[in-house]
Amino acid sequence: MPAPNATPTSVSASAPTATPGAATVPALFVSHGAPLFAVEPGTTGPALAQWGERLRAAHPGLRGVVVMSPHWMARGAQVMTGARPATWHDFGGFPPAMYELQYPAAGSPALAQQVLQRLADAGIAAQGDERRPFDHGAWVPLMHLFPQADLPVVQVALPVGAGPAEVYALGAALRGLRQEGVLVLGTGSMTHNLSEFFGGAREPAPYVVEFCRWVESAVQRGDLPALLDYRARAPHAARAHPSEDHFLPIFFALGAAGDAARADYLSREVMYSMLAMDAFALH
């Protein structure tokens with residue numbers, strides 16, 4: 001199914017204001033797995049739900065989510081500006097019940113305007129897209145994190161051709177939103193070699209574990225140079241990610257968190273032997 005046409009827009013709604021005295025919201029990276037993660041949550045789904053509950057208790061002024069998914073790739077930076085994004089079932093060959101799932105969260109033209117302005121302030125040209133729906137890379141993990149769908153959500157596109165440093169810069173431009181009650185979320189996959197999806201094995205493949213733990217170690221050390229150069233430095237990087245798209249959103253979260261952030265791991269589950277479901281909050 002082709003993606004809907006992007007429609008550049010301008011947004012005139014006034015941006016919501018920060019909650020006085022609000023604590024800084026963590027940044028978050030979540031592996032969204034296969035679309036069936038929506039109905040087959042494993043151990044990661046409940047972990048995300050519990051974390052979402054703790055987040056809302058700790059941040060009662062939480063007012064929205066800004067998310068990057070690899071299932072929206074665009075020419076340059078783009079930002080969802082619609083008030084009522086549809087739930088897009090951008091996959092095929094799954095049970096009929098999957099196509100009945102809905103995530104009816106509102107968009108936020110005002111928050112989208114803040115995102116666009118912060119990107120502009122950082123020297124990053126961006127356009128609004130009023131028609132963009134939620135793709136499964138966004139709505140599937142959000143179903144676990146915030147099942148009530150009562151927080152407004154704004155999606156940011158992954159620019160075609162961007163590398164780790166460029167995606168990090170996008171997240172860094174939005175870092176200040178975390179002090180204003182906004183969760184900045186990167187959702188992708190810690191490993192994503194779909195050519196091995198139907199191998200039949202169930203135990204985590206050794207290369208998957210080695211790659212994931214290398215990333216975890218680098219994140220906990222705050223070794224941004226190593227992470228930015230993961231393609232050359234991480235063990236089995238090319239096998240874990242034949243293409244980079246599902247790994248790049250980690251840099252969106254890292255950029256939003258800042259160099260001093262350290263990770264609180266929520267999940268280290270591996271599904272189907274090769275699909276690592278790592279998720280971690282960055283404080």
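Q: What makes a run of residues a helix or a strand here?
A: Helices are DSSP runs of at least four residues and strands are DSSP runs of at least two, both numbered from the N terminus. In this predicted model, the protein chain has 9 helices and 11 strands. With these elements named, Ala-149 can be placed in the loop between helix H3 (136–145) and strand S6 (153–159).

Q: Why is Ala-149 called buried or exposed?
A: A residue is called buried when its relative accessible area is under 20%. The value for Ala-149 is 11%, so Ala-149 is buried.

Q: What makes the phi of Ala-149 worth a remark?
A: Most residues other than glycine have a negative phi. Ala-149 is not a glycine, and yet its phi is positive, at about 55 degrees. Tyr-272, which is not a glycine either, also has a positive phi of about 55 degrees, and Tyr-272 lies in the loop between strand S9 (270–271) and strand S10 (275–276).

Q: How do you know that the span of helix H5 agrees with its number of residues?
A: The expected span is 1.5 Å times one less than the number of residues. For the 16 residues of H5 (residues 206–221) this gives 22 Å, and because the end C-alpha atoms are 23 Å apart, the two values agree. After H5 comes Gly-222, with a positive phi near 70 degrees.

Q: Which residues of H5 are called buried?
A: They are Tyr-207, Val-208, Phe-211, Cys-212, Trp-214, Val-215, Glu-216, Ala-218 and Val-219.

Q: What makes a set of residues a nonpolar core, and which members of the largest one touch the most others?
A: The members must be buried residues of the kinds Ala, Val, Leu, Ile, Met, Phe, Trp, Tyr and Cys, joined through side-chain atoms within 4.5 Å. The largest such core has 99 residues, of which Val-66, Phe-146, Met-190, Phe-251 and Leu-282 touch the most other members. H5 gives the most to this core, with 8 residues. Leaving aside neighbours within four places in sequence, Val-66 is in contact with residues including Leu-111, Val-154, Leu-174 and Phe-252.

Q: Why is the protein chain said to be as compact as a globular protein of its length?
A: The globule rule gives 19 Å for 283 residues, and the radius of gyration of the protein chain is 17 Å, which is close to that, so the chain is as compact as a globular protein of that length. Its C-alpha atoms fill a box of roughly 50 × 45 × 40 Å along the principal axes, and buried residues make up 57% of the 283 residues.

Methods:
Residues are numbered from 1 along each chain as its sequence is written. This is a predicted model: local features need pLDDT of at least 70, side-chain atom pairs count only at pLDDT 80 or more; totals for chains, interfaces and linings use all residues. Side-chain values use heavy atoms; hydrogens and water are left out. Buried means under 20% relative accessible area, exposed over 50%, partly exposed in between (1.4 Å probe, protein chains only). Contact means heavy atoms within 4.5 Å. The radius of gyration is taken over C-alpha atoms; the globule rule is 2.2 Å times the number of residues to the power 0.38.
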